[in-house]
Amino acid sequence: MIIVMTSKATLKDREAIVKRLENQGYMVDISEGKERTLIGAIGANVENKEAIMNQLSTLPYVENVVPILKPYKLAGKEIHESTEFDLGRGVTIGGRDILVMAGPCAVEGQERILEIARGLKAAGVKVFRAGAYKPRTSPYSFQGYGLAGLKMLDKVREETGMLIVTEVMAPRDLKHVEKYADVVQIGTRNMHNFELLKDCGKCSKPILLKRGLAATIEEWLLAAEYIMKAGNPRVILCERGIRTFETHTRNTLDLNAVASVKHLSHLPVVADPSHGTGRYELVAPMAKASIAAGADGLMLEAHTNPGEAISDSQQTISIKDYRALKKQLAAVAAAVGRKL
Ligand code: PEP
Ligand code: MN
């Protein structure tokens, strides 16, 4: 439920109500508006909710009590309008600035990723992406450097000052990924891995949650809800394309979903036009379209020499391409009241 406090409610009134709700078994989330404070109360195991709501609505400092109707109670917009949070080193997401995360599909070796990161950093990119644990379709394909790859990413972090986003595939690896990453990525294939989601809810780092390749928007938001309910409020939603009947593109980047989740959820949303299209020539137009549709950021596969990329070379742009794209993205961002 949401408890709307009157404009005259004091801090003491708020504390009293929070204490009362917590004693009844609710998880409480406070949202301070310009005029009023809203208290969100989620009580999965609370009985007699209706009676509690009725009692609360009679309090003099409570203006109104409304039930949260959406199944995703913490991720939904009923609790907050929008959320901006820090990813580390002063880099934030969810505010006016558009955040770009870029890098190769996989960690390809120490020197190679350092060279790519230096190029991207010089082009203004603040977050470096690369997978140490790779979810490959074929078990015969390169599976990633694992823990050794995380240590290579740590060197990139140390040398360039960039933040690192990298994927965790299995709960057993989370402790390592949590240690070396600034943002922990859950890939499309694991969006339904509820045990991994719950573990990421206990993680101290923000989570970038990719949409399952056949997940509905509601399933995606409920996956975010798993992480938030387990205690981690810093979730970034990432649209990375869904599977459709179309074969020209690897996936269909669902910009409906970008606009929809901005409408349904307060969480920051990023788009991944690399996996969303599977074609490097479509990355720039779909990146621009993503910003126009309301995305708070982009995840891009970029490389100093895309033709040599170990994985996903056909959807990887060069750093030179990124420099050109950046100028166009800045113009689109400005047109929709954002900044890049
Ligand atoms: C990735 O970003 O490296 C990746 C594997 O993406 P997805 O989970 O969207 O396929
Ligand atoms: Mn990839």
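## Exercises on helix packing, sheet order and a metal site

Helices α10 and α11 are roughly parallel to each other, and this is a statement about a predicted model.

**Exercise 1.** Determine from which crossing angle the relation of α10 and α11 follows, and which residues make their contact.

*Solution.* The first step is to take the axes of helix α10 (residues 280-292) and helix α11 (residues 319-335), which come within 9 Å and cross at roughly 20 degrees. Angles under 35 degrees count as roughly parallel, so that is the description that applies to α10 and α11. The next step concerns the hand, and the crossing of these two helices is right-handed. Turning to the side chains, Ala284, Ala287, Lys288, Ile291 and Ala292 of α10 meet Leu325, Gln328, Leu329, Val332 and Ala333 of α11. Sorted by class, the residues of this contact are eight nonpolar, one polar and one charged.

**Exercise 2.** Describe how helix α7 is placed against α8 and against α6, giving the angle, the hand and the residues in contact for each pair.

*Solution.* Begin with α7 (residues 217-229) and α8 (residues 255-264), whose axes come within 11 Å and cross at roughly 50 degrees; the two helices are therefore oblique to each other. In passing α8, helix α7 makes a right-handed crossing. On the α7 side the contact holds Ile217, Trp220 and Leu221, which meet Ala257, Ser260, Val261 and Leu264 of α8. By class, the contact of α7 with α8 comprises six nonpolar residues, one polar residue and no charged residues.

Continue with α6 (residues 194-201), whose axis comes within 6 Å of that of α7 and crosses it at roughly 45 degrees, which makes α6 oblique to α7. The crossing of α6 and α7 is right-handed. Here Phe194, Leu197, Lys198, Cys200 and Gly201 of α6 are in contact with Ala223, Tyr226 and Ile227 of α7, and the classes are six nonpolar, one polar and one charged.

**Exercise 3.** Work out which strands stand at the edges of the four-stranded open sheet, and where helix α2 packs on it.

*Solution.* The order of the strands is β2-β3-β1-β4, with antiparallel pairing. Reading that order from end to end, β2 (27-32) and β4 (62-66) are the edge strands, each with a single partner, so that one side of each has no neighbour in the sheet. The twist from one strand to the next averages 20 degrees. Within the sheet, β1 (residues 2-5) and β3 (residues 37-42) run antiparallel and are joined by three bridges, and Ile2 stands opposite Gly40 in β3. Helix α2 (residues 49-57) packs on the sheet by touching β1 and β4, and its direction makes about 160 degrees with that of β4.

**Exercise 4.** Identify the protein donors of the manganese ion (ligand 2) and locate Cys105 and His275 along the chain.

*Solution.* The donors are Cys105 through SG, His275 through NE2, Glu301 through OE and Asp312 through OD, and they lie 2.0 to 2.4 Å from the ion. Along the chain these donors follow the spacing C-x169-H-x25-E-x10-D. Cys105 belongs to the loop between β7 (99-103) and α3 (110-122), while His275 belongs to helix α9 (residues 273-277), and the pair, 170 residues apart, links distant parts of the chain.

Key
Residues are numbered from 1 along each chain as its sequence is written. Chains are lettered from A and ligands numbered from 1 in the order in which they are written. This is a predicted model: local features need pLDDT of at least 70, side-chain atom pairs count only at pLDDT 80 or more; totals for chains, interfaces and linings use all residues. Side-chain values use heavy atoms; hydrogens and water are left out. Two strands pair if DSSP finds at least two bridges between them. Axes are lines fitted to C-alpha atoms, for helices over the stretch in contact, and angles run from 0 to 180 degrees between N-to-C directions. Contact means heavy atoms within 4.5 Å. Angles under 35 degrees count as roughly parallel, over 145 as roughly antiparallel, 65 to 115 as roughly perpendicular and the rest as oblique. A crossing is left-handed if the near helix is turned anticlockwise from the far one by less than a right angle, and right-handed if clockwise. Ala, Val, Leu, Ile, Met, Phe, Trp, Tyr, Cys and Pro count as nonpolar, Asp, Glu, Lys and Arg as charged, and the others, Gly among them, as polar. Donors are N, O and S atoms within 2.8 Å of the metal (3.2 Å for Na, K and Ca); water is not among the atoms, so sites may look incomplete.
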